[in-house]
Amino acid sequence: MQLTGAQALIKSLETEGVEVVFGLPGGAILPVYDPIIDSSIRHILVRHEQGAGHMAEGYALATGKPGVAIVTSGPGATNIVTPIANAYMDSTPLVVITGQVASGSIGTDAFQECDITGITQGITKHNFLIRSAHDIPRAVAAAFYIATTGRPGPVLVDLPKDIAQSTMEWWYPSSVEELDLPGYRPLVDLDLERIAEAAELIAASERPVLYVGGGTLKSRASAQLLAFAERTGIPVVTTLMARGAFPDSHRQHLGMPGMHGMYAAVTAMQKADLLISLGARFDDRVTGKIPAFAPLAKIIHVDIDKAEFNKVRRVDVAVRSSIDRALEALDATGVVAQDLEVWWKEIDTWRETYPLVYDESDDEKLLRPQLVVESIYKASAPGTIVSSGVGQHQMWASQFWGFEEPGTWINSGGAGTMGFGVPAAIGAKVGRPDRTVWCIDGDGCFQMTAQELVTARSEGIPVKIAILNNAYLGMVRQWQEMFYEERYSEVYLDADLPDYVKWAESMGCVGLRARTVAEMHEAIRIANDINDVPVVIDFRTDSSEKVFPMVAAGASNDDIMVHPSQREK
Amino acid sequence: MNAPEPFLGVTEHTPVRHHILSVLVENKAGVLSRVAGLFARRGFNIYSLAVAPAESSAKFSRITMVVDAETTPLEQIVEQLDKLVNVVAITDIAPKDAVERELLLATIRTEVNSRTPLSDVVANSGAAIVDVDAHSITVMLAGTPKACDLLEAQLEEFDTIELHRTGRVAVPRLGTSASA
């Protein structure tokens, strides 16, 4: 069967089981857009290529399937660089197809030419510049294989226009060998000796903590984690990337560790004699000052990526494995730690003394942002998916939402990409139309990518956006208040400019505003009752609210600052 | 830095904690850029680098690089390198376990009637004269990095127009290689 390169590309995506792509056409990718008309694949037309990338990420995080985006060359390609970098930092499986100028024009500074494989070299797991139409199936199959195996990540396929227009005899690789990737070996045999060594450390420990990272979600190991944790009684912390990997309501869950983590989670790690790291990477937002991090702890580090071992912290036992298999093997040893009663007593004292708190709302003042998050959580159905942008609102969302299952928390962790929330929520809703999807956003973040609500309205994707509008770039403001002597530099945004309600309405969404607690509850109720169009709520929140607990950047986790009301204890 | 470990092939521009990585890569466009880019963005240092088609097949090339294992643990360099999809195999050769050679080419300004001192240096170092004209001589040495260092030092007494070195290539001594 003779196909054009463009037809072969779309057929390859169909063969990979792709159901939806996010994209925006342009000159170099034009040939690819013609066969999309006849394809079973749903194409969602975004308003900016960054939106396509973040939607693909939101889709991937909510479904566990790779997200796919298609954009044109030059500025189309550079506009999706931020989502690619974001996906790389958070190990999100993504396949990005970019158009390229015709092969003969590459290197001549042709119209809308840019070296996107060069640009994305350091932020993709791998990328391909296709040289002939015959290679298209292999490149696409390899892209999906690389993006989804081992430690997942983004893969970019750059397709020159003339190759999309040339013809090829259709074929598709039927085995991994045909992908011709002699240097890529993601599958490893679990080393049972390492498991035995890990079990020995666990058996000897009196103060162990399960330090659960995003890799636990990526390898779908929640059931194995629950089984292992319950059988051993070991306390669990879930990082920002792992929220939902272990139920927040579970007695053994201490919450999120790190810079804005729960006091008990941070302190348990500091006092632990053993950290069992499951797909976590000792990120600086978790460790604080590295030499002072968990100084008494031995480290068992389970990760599929062996470059993570000893990168930040020397490990005692390194287990290269997916998290599910390692946990099954550990569980099979029947290992238990020492008696943990004393350890749990200490932990419970920290939990009782320093729970998450915030000041009560008072109708004379603006809304407490924490109350807004908590109220949306309480008013929403179980299994509701939440996305966020980056900043204070993101931390409050992670702190005050209760995550009970995987795939319900969609956020930008490693890269900290402002503007992630709205498009990621749209992508998540496309992937899980059965679920309610809320985005907890900040006013600064919202202004970066809000145009994608036009996409949401026109494509019939009813997401709900809660803007915690405090008229500031809040997290920067918090740092300027605490560490720059309240010298506020370039952080004021104005709560009334833009008019978020009118803006929402102009994009075909329902726009609401809430200034009081009563208005807040009413707006949330209305939003949850609307299931056909997107809703945007402008919650007017108090800009003086800060995120606590907090460990200052570069400080030891021992120097955690709790909420002001808890400080005299 | 503690007491330097003794080994063959110390060059002036190479601190003591260098390691030689022999990296088998796919012979594809842009692979060298991926390797160099990885070193640049992770802050690893390369002292020298030589690339040539590999012995086994036209599909592969071999990159021999001398890396600084003092500022970055060698383990991190090897593991990050191994994650590049086009990198097929990495052999880490400790300097003491390596057979290393390097090529030096130097053109020296010298008149016909005053060539005896230079000829002596060339003869004693094991180098060869590979090109001659009325006003200059080009010498070549294929030897250990240390021999190249020595010759380079000796040539300082002469009017050297150009001096180039290739960077070393290395193979493990039999029975001493460790692969990643």
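Helices here are DSSP runs of H or I at least four residues in length, strands are runs of E with at least two, and both are numbered from the N terminus. Keep that in mind as you click around, and remember that this is a predicted model.

**Stop one: chain B as a whole**

Colour chain B by secondary structure. You should find four helices and 10 strands, and a walk along the sequence gives β-α-β-β-α-β-β-α-β-β-α-β-β-β. Now switch to a surface view of chain B: the accessible area is about 9,000 Å², with 56% of that belonging to carbon and sulfur atoms. Of the chain's 180 residues, 44% count as buried. For a feel of how the chain B contacts are spread, take the ones between residues at least 6 apart in sequence: 73% of them join residues at least 24 apart.

**Stop two: a strand-to-strand salt bridge in B**

Stay in chain B and select B:Asp159 and B:Arg109. They form a salt bridge, and the closest N and O atoms are 3.0 Å apart. B:Asp159 is in strand E8 (residues 159-165) of chain B and B:Arg109 is in strand E5 (residues 98-109) of chain B, so this pair ties together parts that lie 50 residues apart in sequence. Both ends are partly exposed: B:Asp159 has 38% relative accessibility, and B:Arg109 has 46%.

**Stop three: a network with residues from both chains**

Next, select A:Arg151, A:Asp305, A:Glu308, A:Lys311 and B:Lys83. These residues are linked in a network of salt bridges. Searching the whole structure, over all chains, turns up 41 salt bridges.

**Stop four: the start of chain A**

Another of those bridges is worth a click: the side chains of A:Glu19 and A:Lys65 meet at 3.4 Å, N to O. Which parts of the chain does this pair link? A:Glu19 is in the loop between H1 and strand E2 (20-23) of chain A, while A:Lys65 is in the loop between helix H3 (49-63) and strand E4 (67-71) of chain A, 46 residues apart. A:Glu19 is partly exposed with a relative accessible area of 49%, and A:Lys65 is partly exposed at 35%.

Now slide back to A:Glu14, in helix H1 (residues 5-15) of chain A. Which residues does A:Glu14 contact, leaving aside its neighbours within four places in sequence? Show A:Ser39, A:Ser40 and A:Ile41 to see them. Draw a distance between the C-alpha atoms of A:Glu14 and A:Ser39 and you get 8.0 Å, although the two are 25 residues apart along the chain. A:Glu14 counts as partly exposed, at 30% relative accessibility.

**Stop five: backbone oddities**

Most residues other than glycine have a negative phi, and most peptide bonds are trans. Here are some exceptions to pull up.

- A:Gln112 has a positive phi near 55 degrees. Look for A:Gln112 in the loop between strand E5 (94-100) and helix H6 (116-119) of chain A; at 25% relative accessibility, A:Gln112 is partly exposed.
- A:Glu490 also has a positive phi, near 60 degrees. A:Glu490 sits in the loop between H21 and H22 of chain A and is exposed, at 73% relative accessibility.
- A:Leu497 and A:Pro498 are joined by a cis peptide bond with omega about 5 degrees. A:Pro498 is in the loop between helix H21 (474-483) and helix H22 (500-506) of chain A.
- A:Phe548 to A:Pro549 is a cis peptide bond too, with omega near 0 degrees. A:Pro549 is in the segment after strand E19 (535-540) of chain A.

**Stop six: one helix inside, one charge patch outside**

Is helix H17 (residues 392-400) of chain A mostly covered or mostly open? Mostly covered: nine of its nine residues are buried. Among them are A:His393, A:Met395, A:Trp396 and A:Phe400.

For contrast, finish on the surface. Select A:Asp362, A:Asp363, A:Glu364 and A:Glu519, which gather in a patch of negative charge. A:Glu519 belongs to helix H23 (residues 517-529) of chain A. With a relative accessible area of 35%, A:Glu519 is partly exposed.

Conventions. Residues are numbered from 1 along each chain as its sequence is written. Chains are lettered from A and ligands numbered from 1 in the order in which they are written. This is a predicted model: local features need pLDDT of at least 70, side-chain atom pairs count only at pLDDT 80 or more; totals for chains, interfaces and linings use all residues. Side-chain values use heavy atoms; hydrogens and water are left out. Patches are made of residues with over 30% relative accessible area and no salt bridge: like charges are joined within 9 Å, nonpolar side chains (Val, Leu, Ile, Met, Phe, Trp, Tyr) within 5 Å. Accessible areas come from the Shrake-Rupley method with a 1.4 Å probe; for residues, only the protein chains shown count as cover. A salt bridge is a side-chain nitrogen of Lys or Arg within 4 Å of a carboxyl oxygen of Asp or Glu. Lys and Arg count as positive and Asp and Glu as negative; His and the chain ends are not counted. The place of a charge is taken as NZ of Lys, CZ of Arg, CG of Asp or CD of Glu. Buried means under 20% relative accessible area, exposed over 50%, partly exposed in between (1.4 Å probe, protein chains only). Contact means heavy atoms within 4.5 Å.
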